[in-house]
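Subject: Structure for you to look at

Dear colleague,

I am passing on the structure below, together with some notes on what came out of going through it. Please read them with the coordinates open beside you.

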Amino acid sequence: MKYFILITFLLSNLANSQIHRCSTDEYRQFLKEKGLLIDKEKHTIQYRHSLNTNYSIPVVVHVLYNNSNQNISDERILSQIDVLNEDFNALNSNISTVPAEFQSDIGNVGISFCLIQEDLNGNPFSGINRVFTNVEQFQGFSDAMKKTALGGADAWNSDYYLNIWVCDLSGNALGFATMPGDVTPDLDGVVIDYEFFGINNLSSSPYNLGKTATHEIGHYLNLEHIFYAGCSSWDDCNDTPPQASATYGCPSATPSSCQTNDMFMNYMDYTDDACMSMFTVCQANKMIDALLNLRPQLNGECVDSSFEEPPSIVSLIFPNPASTHLKTSINNQMISIYSIYGKKILSQYVDDKCEIDITQLSVGSYFIYIDNQYQKFIKY
């Protein structure tokens, strides 16, 4: 049996500098010493999901800040949610760069992420919990950021919400995540260094496109690194070729090891953000299996209460769900489409064709403002 929490590390910008990394065995020993590792049985995949099925994971982001730089903007946080929705639905713009030999292995996970819309008391909430802390930096292997008493923020019910703590991590850690069943609920979730959360166009870091969260949520949903066991290929997925070690940087040509080409563009490798572009079909199935069987209460629906549809409303759009276009009986007016956490996605004029083009939208749930009414629809 293998029990561990997996962690991504920051490469130094100096080519000759030594990378400080902690092995799985060292981290396992750390958890054992702290009494945080829960004994569990290995889980095998039970479920194969439909490619057209969509699941939702409600998210609360705890921003722990000691200074204004650490208190990242709403825009950065929303951009991270957008990245997750693209990556977990195979809608990322660079998916076409996946080498031809791996194109047939691309998996559409079918999970949408949304910021929760109510706080613990049922009041309207942005999904972003900002907390000032006296802690200047949190240790990478520490769980202090998950405890209010230690300068962090207590987890919101982790059975129902994905808790993401964004803070300043010391050392070379980009972030880390708990795998299903490894820890008690109060420690369950994902931690990301504030510098690497969301899309940060002002950063020169190769980890500025939000892929650290994609990688760590892969662990949170029970994925191994594709190089975890080297050439023995133990990651529970036969469509990820065995790989001797992690890939760093952004290879100009496909590297090879273990007598096969490496799937370096997989989100569960260590390549630069710009070169990460895919999960496999097996990885998608494994994550859905984890969601349904290991985190069964997490799959929910995020609805912004300010956009709730009156029960008696006559539908003005069809079909619903839709994949490319909505039709409507309304024409010659401007409509707006909002994400489920209230961000305006696009505005569009409906002409006499009575069609609304939604091809550019990611898979998930949305609200449309049409004829002075809000209506929910699903893009698949």
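A small detail first: N222, which comes just after helix α3, takes a positive phi of about 85 degrees. Please keep in mind here and throughout that this is a predicted model.

The helix that precedes this residue is mostly covered, with ten of its ten residues buried. The buried residues of α3 include charged and polar side chains such as K211, T212, H215 and E216, and also I217 and Y220. One of these, I217, is also listed among the residues with the most contacts inside the largest nonpolar core, which has 50 residues.

That core is a good way into the rest of the model. Besides I217, the residues with the most contacts inside it are I57, F88, I111, F113, L162 and I164. At least two residues each are supplied by β2, α2 (74–87), β3, β5, β7 (190–193), α3 (211–220) and α4 (281–294), and among these contributors β2 gives the most, with five residues.

Why can strand β2 be described as largely enclosed by the rest of the structure? The strand covers residues 55–65, and ten of its eleven residues are buried, so the description follows from the burial of the strand itself, taking buried to mean under 20% relative accessible area. Its pairing can be followed strand by strand. β2 pairs in the parallel sense with β3 (residues 111–115) over five bridges, and in that pairing F113 of β3 is the bridge partner of I57. Five bridges also join β2 to β5 (residues 162–167), again with the two strands running parallel, and β2 pairs in the parallel sense with β4 (residues 128–132) over five bridges. V63 is a useful residue to select when you check this, as V63 stands opposite V166 in β5 and also opposite R130 in β4.

I57 is worth selecting as well. Leaving aside residues up to four places away in sequence, I57 touches I111, S112, F113 and C114, and its other contacts are L162, L221, L291 and L298. Apart from the core to which I57 belongs, there is a second, separate core of 16 residues, which includes I317, L326, L346 and L361.

Two open sheets remain to be described. In one of them, three strands are arranged in the order β10-β11-β14, with antiparallel pairing. Because β10 (317–318) and β14 (355–357) stand at the edges and each has a single partner strand, one side of each is left without a neighbour in the sheet. The antiparallel pairing of β10 with β11 (residues 325–328) consists of two bridges, and I317, which was named above as part of the second core, stands opposite T328 in β11.

The other open sheet has four strands in the order β13-β12-β15-β16, and the pairing is antiparallel here too. Its edge strands are β13 (344–350) and β16 (373–379), each of which pairs on one side only. On average, neighbouring strands of this sheet are turned by 25 degrees against each other, direction ignored. Within the sheet, β12 (residues 333–339) and β13 pair in the antiparallel sense over six bridges, and Q348 in β13 is the bridge partner of I335.

With best regards

How values were computed: Residues are numbered from 1 along each chain as its sequence is written. This is a predicted model: local features need pLDDT of at least 70, side-chain atom pairs count only at pLDDT 80 or more; totals for chains, interfaces and linings use all residues. Side-chain values use heavy atoms; hydrogens and water are left out. Buried means under 20% relative accessible area, exposed over 50%, partly exposed in between (1.4 Å probe, protein chains only). Two strands pair if DSSP finds at least two bridges between them. A nonpolar core is a set of buried Ala, Val, Leu, Ile, Met, Phe, Trp, Tyr and Cys residues joined through side-chain atoms within 4.5 Å. Contact means heavy atoms within 4.5 Å. Axes are lines fitted to C-alpha atoms, for helices over the stretch in contact, and angles run from 0 to 180 degrees between N-to-C directions.
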